[in-house]
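Thank you for making time for this. Please have the structure open while I talk, and follow each element as I name it.

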Amino acid sequence: MRSVRNAVGAAGIVLMLVAGCAETPDPSGSSPDETASDVAGDNSTLSDRVLYTRVSLAAMRVRTVHLRGVIRVKARTVRMDMRIDLGSKAFTATVEEVGVGVFDVVGTGSEVYLKGDAGTWSRTNRELAERLTDKYVRLPSDSPLVTEPDRIKDLADMRELAEAVRDGERHRDAEVDGRRMIVLGGHDDTLGDMLLYIPAEGIALPARMTVGEGADTGITLDWLDFDQPVVARRPDPDRIVELAPGQRV
């Protein structure tokens with residue numbers, strides 16, 4: 001069903017866009033204390049060059065991430081909450097399209113499983129609603145519901161975002177959830193104009209990214225925490241539904 005494909009696909013696209021393996025910047029000319037990735041000081045006093053280097057080095061050390069995002073495309077709003085192991089690329093996610101429903105998604109290696117409740121399936125696939133309620137569908141590798149989220153496997157870290165703001169404009173400080181943020185503006189060939197929010201105090205890991213915050217279109221992505229365990233297990237066999245050849249959700 002197109003609405004399901006849109007919701008899960010939108011989350012996959014956003015996660016693909018925030019991934020990348022930009023080259024590690026050369027910190028020459030800065031002291032080790034200035035550029036150390038684990039320094040939790042006052043980032044607002046750093047020069048743009050040193051701040052950029054510190055962000056990039058901190059991002060290199062991250063092994064797992066917890067992301068939360070909102071994607072608005074005209075009349076559609078998709079919310080996502082995702083935990084990703086950047087090494088194994090295993091992930092768990094909750095994806096909601098407002099007015100459509102909520103889906104749980106689990107990725108384990110090469111397999112992706114999708115689960116929706118009765119209300120969600122009744123709105124998206126009435127034919128299979130009873131069979132699929134509170135079950136996990138193992139999606140075939142060529143399913144449109146896999147091809148976008150599957151790009152999550154290419155995730156590495158946040159260095160590409162740092163690269164995008166490397167030569168960008170430094171904006172006025174802002175607040176995110178009560179924390180003062182340094183706001184760096186930049187441009188990415190895929191994302192377009194963007195803002196990256198770095199905590200003014202503490203480890204210089206990105207806290208938020210915004211793109212295209214217009215009247216009806218925009219992306220807000222928040223990094224909630226880092227290096228917390230990601231539990232992404234294959235569902236129990238009795239909770240997995242195998243689709244017949246050619247059958248789609």
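Before the first pair of strands, one definition: two strands pair if DSSP finds at least two bridges between them, and the strands themselves (E, at least two residues), like the helices (H or I, at least four), are DSSP runs numbered from the N terminus. With that in hand, E7 and E8 run antiparallel and are joined by five bridges, and Arg170 stands opposite Leu184 in E8.

I should say early that this is a predicted model, in which local features need pLDDT of at least 70 and side-chain atom pairs count only at pLDDT 80 or more, while totals for chains, interfaces and linings use all residues. Residues are numbered from 1 along each chain as its sequence is written, and side-chain values use heavy atoms, with hydrogens and water left out.

Let us turn to the whole sheet. It is an open sheet of 12 strands with mixed pairing, and the order is E7-E8-E9-E10-E11-E1-E2-E3-E4-E5-E6-E12. Its edge strands, each pairing on one side only, are E7 (170-176) and E12 (240-242). Neighbouring strands are turned against each other by 25 degrees on average, direction ignored, where the axes are lines fitted to C-alpha atoms, for helices over the stretch in contact, and angles run from 0 to 180 degrees between N-to-C directions. As background, strands of a sheet pair through backbone hydrogen bonds, either parallel or antiparallel.

Now to E11, which has partners on both sides in that order. Nine bridges join E1 to E11 in an antiparallel pair, and there Arg72 stands opposite Gly218. E10 (residues 208-211) also pairs with E11 in the antiparallel sense, over four bridges, and the bridge partner of Thr210 in E11 is Thr220. Is E11 enclosed or open to the outside? Seven of its 10 residues are buried, so E11 is largely enclosed by the rest of the structure; here buried means under 20% relative accessible area, exposed means over 50%, and partly exposed lies in between, with a 1.4 Å probe and protein chains only.

E11 also matters for the next topic, the largest pocket, since E11 gives the most to its lining, with four residues. A word on the term: on a 1 Å grid over the protein atoms alone, a pocket is an open set of points with protein on both sides within 12 Å along at least five of seven lines, unlike a cavity, where a 1.4 Å probe fits but cannot get out, and lining residues have an atom within 4 Å of a point. The largest pocket has a volume of about 210 Å³, and of the 15 residues that line it, the closest to its centre are Arg179, Pro206, Ala207, Trp223 and Leu224. The elements that give two or more residues to this lining are E8 (179-188) and E11 (217-226).

Let us move along to E4 and E5, which pair in the antiparallel sense over six bridges, with Tyr113 in E5 as the bridge partner of Val106. Their hairpin has two residues between the strands, and in it Gly109 takes a positive phi near 65 degrees. At 45% relative accessibility, Gly109 counts as partly exposed, and its C-alpha atom is separated by 7.2 Å from that of Ser88, 21 residues apart along the chain. On its other side, E5 pairs with E6 (residues 136-138) in the antiparallel sense over three bridges, where Leu114 stands opposite Val137. Five of the six residues of E5 are buried, so E5 is largely enclosed by the rest of the structure.

Which residues other than glycine have a positive phi? Lys74 has one of about 55 degrees, and Asp177 has one near 50 degrees. Lys74 lies in the loop between E1 (64-73) and E2 and is exposed, with a relative accessible area of 66%, while Asp177 is in the loop between E7 and E8 and counts as exposed at 71% relative accessibility.

I will end with Ile84, which lies in E2 (residues 76-85) and, at 0% relative accessibility, counts as buried. Ile84 and Gln228 are 144 residues apart in sequence, yet 9.5 Å apart in space, C-alpha to C-alpha.

Key
Points joined across faces, edges and corners; volume = space filled by probe spheres on them.
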